[in-house]
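Trainee: Got a minute to go through this model with me? I would like to start with the ligand.
Mentor: Sure, put it up.

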Amino acid sequence: MDIHFENRRIVVTGAARGIGQGIARAFAERGGTVFACDLLADELAALARSVAPARGGRIETRAVDLTDGQAVAGFVAEAGADGPVDVLVTVAGGVRGQVPRPIEAVDEDSWRAIYDANVMTAFHAAKAVVPGMKAAGRGRIVTISSGAGLRPSMTGIQSYCSSKHAVVGLSRQLAHELGPFGITVNSIAPGFLRTSPDYERQWDGYGPAGQQALVERIAMRRLGQPEDIAWATLFLASDYASWITGQVLPVSGNPFP
Ligand SMILES: NC(=O)c1ccc[n+]([C@@H]2O[C@H](COP(=O)([O-])OP(=O)(O)OC[C@H]3O[C@@H](n4cnc5c(N)ncnc54)[C@H](O)[C@@H]3O)[C@@H](O)[C@H]2O)c1
């Protein structure tokens, strides 16, 4: 199976680091024209400098706040200037620097910050790409949810768990709505990866014994890497996955999310 994306336009949100960066890189290395966005301009610039596009691929990066619907529409219009966006991968999200607290101590602003980062970003991005995909009669949307979208979250953060369940719900609903237009919508639910300061803090919090126990609970006996998530994304975004939609794929090294 030779998966490549020559002459395909791919939008990746939350691409500055970790999983999103791995996904943006993987598409550009396989011929894709990648439009990568994030809040973090410096990290995006470093990504653009370090990617080695192949098969005619390239990468454009833009600093965009994906909670701003108008900004997202402008970014997607730019990405689709020469033809519709073929693939959207929504990665933006995360716990936004928050730590677990008892529910009675969670304020509304903290709750909304995580919900906005994970759900509103995906909503805005999907809304912006769909008209072009409908006109083209084809498209691929892959959302990055989490094991926390299918069960309680290891982070212990209620709004994170709720928002990832919402991302799964959004993906399933859009699959139902957009299938008649040739557009598939699937979600990948990653297991634990040490990708960013938030996840490093979580990892440190487990201590050496907890870290060892976590790895021993994983059937494959290792933590995930961004490439593990990128490879699953490439498949779901490819022509080989044209009859798969509305599915949530755990990529966790385990037989469970
Ligand atoms: N690392 C893990 O263990 C893990 C596990 C399951 C799911 N995930 C999910 O994978 C995704 C990527 O996470 P990661 O591990 O690479 O690290 P991360 O959580 O730091 O990545 C999230 C990215 O989204 C960006 N972002 C957040 N809000 C944004 C906004 N409003 N506009 C633009 N960009 C915004 C951040 O700047 C960051 O680069 C997240 O959605 C996260 O919830 C991560």
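Trainee: How far is an oxygen atom of the ligand from an N or O atom in the side chain of Y199?
Mentor: The distance is 3.3 Å. Keep in mind that this is a predicted model.

Trainee: And which polar atoms of K164 and L66 does the ligand meet?
Mentor: For K164 it is a polar side-chain atom, 2.9 Å from a ligand oxygen. For L66 it is a polar backbone atom, 2.9 Å from a ligand nitrogen.

Trainee: How much of the ligand does the protein bury?
Mentor: The protein buries 98% of the 800 Å² that the ligand exposes when taken alone.

Trainee: How many residues surround it, and which are the closest?
Mentor: There are 31 around the ligand, and the closest are D38, V91, Y160, L193 and T195.

Trainee: Changing topic: where is D86?
Mentor: D86 sits in the loop between α3 (69–79) and β4 (87–90).

Trainee: Buried or exposed?
Mentor: D86 is buried, because its relative accessibility is 8% and the cut-off for buried is under 20%.

Trainee: What does the side chain of D86 reach?
Mentor: It reaches the backbone nitrogen of R9, at 2.8 Å. Leaving out residues up to four places away in sequence, D86 touches N7, R8, R9, M133, R138, G139 and R140.

Trainee: What about cysteines: how many disulfides in the whole structure?
Mentor: A search finds zero.

Trainee: Are C37 and C161 buried or exposed?
Mentor: C37 is buried at 0% relative accessibility, and C161 is buried too, at 16%.

Technical notes. Residues numbered from 1 in each chain as written. Predicted model: local features only at pLDDT ≥ 70, side-chain atom pairs only at ≥ 80, totals over all residues. Heavy atoms only, no water. Disulfide = S-S within 2.5 Å. Buried < 20%, exposed > 50% of the residue type's maximum accessible area, 1.4 Å probe, protein only. Helix = DSSP H or I, 4+ residues; strand = E, 2+ residues; numbered from the N terminus. Contact = heavy atoms within 4.5 Å. Polar contact = N/O pair within 3.5 Å; in protein donor to acceptor, adjacent residues only side chain to side chain. Near = heavy atom within 4 Å. Areas by Shrake-Rupley, 256 points an atom, 1.4 Å probe, with all protein chains shown as cover.
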